[in-house]
Amino acid sequence: NYFHLGARNKLQIWFRPDLGNHERDGFLGIQGPAGFDFGDPCVVRDLPQSYYSIYSPPFGGSGIAPWKTGAPRIFPIEDLGDCSPQPSPSWSRGGSYVTVRVHGSFLRERQYGLEIDVVNTPEYDWASGFEIEVGWTFKLSITDSQGYGRDGTYTTGEFFPKANHSPTLYATGVRRPIRALLDEMQPFAFRPYLTRLEFNPIILNITVTSSLRITAPEGYEWSFSEADFLSTINGSVAFPGGSPTLHVDGRLNVIGWQTENNVYQANVSYAFATFVKIPSMPPTASGNAFFFEWGFNASSGTGRAAAARVPAPQVRALRDLRFETTSTVQGDRARVWLWIETVTDVSPNGTLEIQIPSMYNKTLFQNVTINYDEPSLFCVVLPVEEYGSLPVPADFLCQRVTFLGGDVRLVLFANVTGIPAGRYVIEFNVTNTETVASNPILLSSPCGRQACVSVHSKDPCGSNRLAPQCPPQIPLPEFNFTSGEWLFAQQATREPQWKWEKDYWTAIPALSITRPMLFAEIMNNSLDEKLAIGRDDRPLRRS
């Protein structure tokens, strides 16, 4: 979070084990440069929840679906334990070294993330022959419960993906926190317009004559011409150096003023504005922030003058969509749970709409009649707060809408209060359709399978529930008294779609409808087998 000498800091770490440690009760070793103080005991924790969220936008920034681009899913470490400083291990002598007890196990090729508190070293130890590129290393190791090595890093961890260097420290920070003001956070893949980005104020503690590099969060792309770069805002002093160089080092999220002759005066308020492309999802395997580095290419500590971290707003994209059910068997009665997290509030008369493929159009939902003046059936929904759901508004309702093509949409709304942004877990009681249905791979679909479940968050004018203030551009529904459902001749598709949706919509593969198994049981293993596979039938023990 902070890049100047002596600062209290949070170090965020991402890694992927090669061998892992499938046994429980191993250790994670974290090694930093000499002078870093992790504390005794040291404090480790999970990353903020957004880094562990599941993102499934229908298409990435280049129009390629995310399962093709390989966006990583980050996992929390299973049961972090005590953290304490230790002598550096035999395979990597020197520096500051701590070990974290991990009561769970590390799975091979799974990507993990955590953060640890640290106080940055107060100075560079030049007297001992310290060199930034040689002595400035961050490494990890994984050992089993007996202390034997399983995994380790050969080279230093990178400061940023594709940066090819470790985090380095600078002489000082900035006088006041820099604000990043973005006029729109919908992804460029959904809303095909550039987002205006303004940094204001930029005030240094000391006068600096140096180069400057600004790294945007991974996935962002700087996109502007020299004429698009505003070096002064509302009468601020002109930003030194004029328009920067785009895509420094070949990275789309980096701009730089590479000359070392630009002078930034102390206690002077600078600002600038330009344009970026917002990614389809925020970064999960690196920090969601902008990084300013004055003197980034200096080889001495005195040349690395100042640095700052500027948090980025959340990308307006729905996240963590998933379904679970007590049964996928044809004809079974089941409970279904839907997880979804919204970034933007759904306004009064707006909707959160769950689009279900036609293979589920014979699924029966538990219904209740709410308004006898309106001959419509409403599905019963329950928030599951023990699974981490926010409470739903008092006027929260669910209505089932069937389209003539066979698709079903569950429309969730709260006409008076709206639906606040946050994480929701909703429970439905259903009777599965009698028709067995598989869901084969189809890479051209939004979710990579033939049948997708998608969720949209809409304002009143984009919803199928017509708000009085909106023009009647959506086909009016007809009520089918035989089925007790509203039928729409076609789905409401109005261009441009991004104008009517709060957050970028998301899609996941639908669950198959299956035949019942003939037989299944938990095996009664022998004692030797239980020991070999890690099974433990004693109460409250991991198994």
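Is Arg538 buried, partly exposed or exposed, and what is its relative accessible area? In this predicted model, Arg538 has a relative accessible area of 49%, which makes this residue partly exposed, since the exposed class begins only over 50%. Its salt-bridge partner is Asp536, with the closest N and O atoms 2.9 Å apart. Asp536 itself has a relative accessibility of 18% and is counted as buried, the cut-off for that class being under 20%. The pair therefore joins a partly exposed arginine to a buried aspartate.

This contact belongs to a wider set of charged pairs. Side chains of opposite charge can pair when their charged atoms come close. The count for the model comes to 15 salt bridges. One of them links Glu109 with Arg16, at 3.5 Å between the closest N and O atoms. Glu109 sits in the loop between β6 (96-102) and β7 (111-119), while Arg16 sits in the loop between β1 (8-15) and β2, so this bridge ties together parts that are 93 residues apart in sequence. With a relative accessibility of 42%, Glu109 is partly exposed.

Another bridge brings together the side chains of Arg213 and Glu293, at 3.1 Å from N to O. Here both partners come from strands: Arg213 from β13 (residues 212-215) and Glu293 from β19 (residues 289-294), so the contact ties together parts that are 80 residues apart in sequence. Arg213 and Glu293 are both buried. Elsewhere, Arg45, Glu115 and Asp117 are joined into one network by salt bridges that share partners.

Covalent cross-links come next. How many disulfides does a search of the whole structure find? The search returns three. One of these joins Cys42 to Cys83, with an S to S distance of 1.8 Å. The link of Cys42 and Cys83 is left-handed, with -100 degrees about the S-S bond. Cys42 belongs to the loop between β2 (26-32) and β3 (44-45), and Cys83 to strand β5 (residues 80-85), so the disulfide ties together parts that are 41 residues apart in sequence. Both ends are tucked away from the probe: Cys42 is buried at a relative accessible area of 7%, and Cys83 is buried at 4%.

A further disulfide connects Cys379 and Cys398, with 1.9 Å from S to S. This link is left-handed as well, at -65 degrees about the S-S bond. Cys379 is placed in strand β26 (residues 378-379) and Cys398 in strand β28 (residues 397-403), so the bond ties together parts that are 19 residues apart in sequence. Cys379 and Cys398 are both buried. Cys447 and Cys452 also form a disulfide, with their sulfur atoms 2.1 Å apart. The link of Cys447 and Cys452 is left-handed, with -85 degrees about the S-S bond, and both cysteines are buried.

Attention now turns to internal space. Rolling a probe the size of a water molecule over the atoms shows where empty space is left. The count comes to one cavity of 30 Å³ or more, and the largest cavity has a volume of about 260 Å³. The lining of the largest cavity is made by 19 residues, and those closest to the centre are Phe323, Val336, Ile356, Tyr360 and Leu511. Strands β21 (319-325) and β30 (422-431) each contribute at least two lining residues. What is the make-up of this lining, in nonpolar, polar and charged residues? The residues divide into 13 nonpolar, six polar and no charged.

The backbone also has some points of interest. Most residues other than glycine have a negative phi, and most peptide bonds are trans. Asp320 has a positive phi of about 60 degrees although this residue is not a glycine. Asp320 is placed in strand β21, one of the strands that supply the cavity lining, and is buried at 4% relative accessibility. His247 likewise has a positive phi, near 55 degrees. His247 lies in the loop between β15 (245-246) and β16 (254-257) and is partly exposed, at 24% relative accessibility.

Cis peptide bonds complete the backbone picture. One joins Asp40 and Pro41, with omega about 5 degrees, and Pro41 lies in the loop between β2 and β3, the loop that also holds Cys42. Another cis peptide bond joins Asn200 and Pro201, with omega about -5 degrees. Pro201 has its place in strand β11 (residues 195-202).

Note on methods
Residues are numbered from 1 along each chain as its sequence is written. This is a predicted model: local features need pLDDT of at least 70, side-chain atom pairs count only at pLDDT 80 or more; totals for chains, interfaces and linings use all residues. Side-chain values use heavy atoms; hydrogens and water are left out. A disulfide is a pair of cysteine sulfur atoms within 2.5 Å. Helices (H or I, at least four residues) and strands (E, at least two) are DSSP runs, numbered from the N terminus. Buried means under 20% relative accessible area, exposed over 50%, partly exposed in between (1.4 Å probe, protein chains only). On a 1 Å grid over the protein atoms alone, a cavity is a set of points where a 1.4 Å probe fits but cannot get out, and a pocket is an open set with protein on both sides within 12 Å along at least five of seven lines; lining residues have an atom within 4 Å of a point. Grid points are joined across faces, edges and corners, and a volume is the space filled by probe spheres set on the points. Ala, Val, Leu, Ile, Met, Phe, Trp, Tyr, Cys and Pro count as nonpolar, Asp, Glu, Lys and Arg as charged, and the others, Gly among them, as polar. A salt bridge is a side-chain nitrogen of Lys or Arg within 4 Å of a carboxyl oxygen of Asp or Glu.
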